[in-house]
Amino acid sequence: MSNAFIWNEKCERMSRSELERLQLDRLKTLIQRLYDKVPFYKQRMDECGVSAKSLNSLADLKNFPFTKKTDLRENYPFGLFSEPLSNVTRLHASSGTKGKPTVVGYTKNDIDMWSEVCARSLGTAGARPGDILHNSYGYGLFTGGLGMHFGAEKFGATVVPASGGRTQQQILLLQDFGSRILCSTPSYALNIAYTMEELGIKRDTIKLERGIFGAEPWTEELRNQIEEKLQIEALDIYGLSEIVGPGVSMECAQGRNGLHIWEDHFLPEIIDPKTGDVLPIGEEGELVFTTLTKEAIPVLRYRTGDISRLSLDTCVCGRTTARMQRVRARLDDMLIIRGVNVYPSEIEKVLLALEELSPHYQLVIDRKKALDTLEVQVEVTEELIKHWGHFDNDRVELSNLSEHIQVLLKDNLGITADVLLMKPKAVPRSEGKAVRVIDKRKEDKAQAEKANAKTPVSSKGK
Ligand code: DLL
């Protein structure tokens with residue numbers, strides 16, 4: 001076993017039996033709390049014929065009702081809170097692009113717990129108290145910025161609250177402050193790397209050693225590119241606002257094989273998304289979390305929509321908690337192109353394997369003559385442009401290469417796509433969560449419905 005730095009020995013290395021006892025105790029308390037304090041849950045539990053008395057083992061949780069994102073929206077803004085607002089220290093909300101935003105709240109204890117799991121995550125990623133930590137997650141309603149910020153302060157780091165955007169200035173701060181840790185979305189880390197390259201800034205003018213990247217799906221191929229470009233170790237952090245925000249789980253620097261879930265606070269399950277049945281450990285399905293200690297808005301069996309697998313194998317880092325595999329995709333990100341199902345991350349894998357392409361891409365879906373169409377817009381590298389000369393517009397005509405990519409997409413994923421090769425910088429750069437898919441079918445529909453729709457809360461600044 002390695003001599004990894006562990007922030008909270010007791011909780012990160014608890015024996016399975018001790019952990020399960022603690023989880024069951026906390027789960028009973030939670031269920032009683034939800035039954036007594038949140039009419040929504042009382043009604044759901046009554047409908048399912050369950051209560052705290054029905055819970056004799058962790059396995060009994062499978063008989064309890066799920067919570068979905070729509071439940072939070074339908075009870076907007078505070079209907080699922082189990083504490084009066086007078087006990088709520090802070091509110092966050094996630095984007096309302098598909099309707100009302102989802103609102104979450106935190107008591108003082110919730111903020112402490114959240115900071116604790118973020119501090120554990122920092123240690124797990126190889127950060128050390130005293131490190132300078134540059135935090136490019138968006139500050140504001142998004143949980144990324146403030147969540148990591150409080151965690152980093154508790155951990156004893158010196159935090160640079162950079163938030164997203166103004167990339168040139170961020171690079172200057174990275175150079176002048178000598179930050180060792182970067183927290184951002186993976187797509188924003190790439191943006192920083194490419195901007196440095198464009199400005200001719202040498203890698204050895206910054207001291208970054210590690211990146212703690214999450215908030216959006218990313219592939220191993222993207223990790224390789226970030227690590228190569230920035231010459232840092234890039235590790236995966238997962239979380240969602242409905243559960244707490246960042247810090248639900250974190251990949252360890254030693255194992256780099258799955259993310260340790262802070263199971264004393266978040267109880268994971270994997271279910272079959274179609275039937276809702278709990279799947280055995282090791283099988284892939286939809287991740288579901290129950291918050292064991294949250295006070296302001298605890299959630300029971302929250303369906304994340306994220307696809308992953310759990311593992312209880314021992315880890316080289318010495319932590320004993322269950323690990324979840326890197327999220328492969330979000331269920332609702334699945335594209336159906338002429339009957340073929342495909343996730344953006346699968347397309348990313350194909351594109352990033354080609355050295356002629358840079359990792360900046362967008363997928364544009366449309367419907368023409370009653371058929372769904374997919375256009376893959378992807379930038380070629382500067383090297384390729386140098387080799388082939390200059391191009392006046394954003395498009396690059398290299399029919400052999402676009403045909404080659406079309407064939408790869410067909411052979412690997414079974415999808416028919418048009419491939420548009422773009423000049424460097426033609427694809428909009430991410431300042432937070434990358435916009436990978438532009439679905440013009442939805443845009444058209446949304447425009448048609450605009451008359452009745454209310455203005456959604458903007459997701460800017462993530
Ligand atoms: O994205 C919280 C967060 C902030 C996590 C900073 C990590 C770092 P939401 O805006 O509520 O919260 O979005 C949650 O983002 O259900 C996943 O689909 C996706 N997601 C988050 N982390 C990862 C990750 C924050 N490491 C949704 N890999 C989740 C893949 C991720 N997807």
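## Exercises on a predicted model

Three elements, α6 (143–155), β7 (233–240) and β8 (245–251), each contribute at least two residues to the shell around the ligand. Keep in mind that this is a predicted model.

**Exercise 1. Find out what the shell around the ligand is made of, and which element gives the most to it.**

Step 1: Start with the residues that come nearest. Out of 21 residues around the ligand, these are Asp236, Ile237, Ser241, Asp306 and Lys433.

Step 2: Sort the shell by type. You should get nine nonpolar, six polar and six charged residues.

Step 3: Now look at the elements. β7 gives the most, with five residues.

**Exercise 2. Track down polar atoms of the protein that lie within 3.5 Å of an N or O atom of the ligand.**

Step 1: Try aspartate 306. One of its polar side-chain atoms sits 2.6 Å from an oxygen atom of the ligand.

Step 2: Go on to arginine 330, where a side-chain N or O atom is 3.0 Å from an oxygen atom of the ligand.

Step 3: Don't forget the backbone. A polar backbone atom of glutamate 216 lies 3.3 Å from a nitrogen atom of the ligand.

Step 4: Finish with the cover. On its own the ligand has 610 Å² of accessible area, and the protein covers 95% of that.

**Exercise 3. Work out whether serine 430 is buried or exposed, and what its side chain reaches.**

Step 1: Locate serine 430. You'll find it in the loop between β20 (418–422) and β21 (437–439).

Step 2: Check the number. Buried means under 20% relative accessible area. Serine 430 has 11%, so it is buried.

Step 3: Follow the side chain of serine 430, which reaches the backbone oxygen of glycine 432 at 2.8 Å.

Step 4: List the contacts of serine 430, leaving aside neighbours within four places in sequence. They are Thr185, Ser187, Tyr188 and Asn191.

**Exercise 4. Explain why cysteine 11 has no disulfide partner.**

Step 1: Recall that the two sulfur atoms must be within 2.5 Å.

Step 2: Look for the closest cysteine sulfur to that of cysteine 11. It belongs to cysteine 317 and is 15 Å away, so the gap is too far for a bond.

Step 3: Try cysteine 183 too. Its nearest cysteine sulfur, in cysteine 118, is 8.9 Å away, and cysteine 183 is in no disulfide.

Step 4: Add the accessibility. Cysteine 11 counts as buried at 16%, and cysteine 183 is buried at 0%.

Step 5: Count the disulfides in the structure: zero.

Definitions and conventions
Residues numbered from 1 in each chain as written. Predicted model: local features only at pLDDT ≥ 70, side-chain atom pairs only at ≥ 80, totals over all residues. Heavy atoms only, no water. Near = heavy atom within 4 Å. Polar contact = N/O pair within 3.5 Å; in protein donor to acceptor, adjacent residues only side chain to side chain. Areas by Shrake-Rupley, 256 points an atom, 1.4 Å probe, with all protein chains shown as cover. Helix = DSSP H or I, 4+ residues; strand = E, 2+ residues; numbered from the N terminus. Nonpolar A, V, L, I, M, F, W, Y, C, P; charged D, E, K, R; others polar. Buried < 20%, exposed > 50% of the residue type's maximum accessible area, 1.4 Å probe, protein only. Contact = heavy atoms within 4.5 Å.
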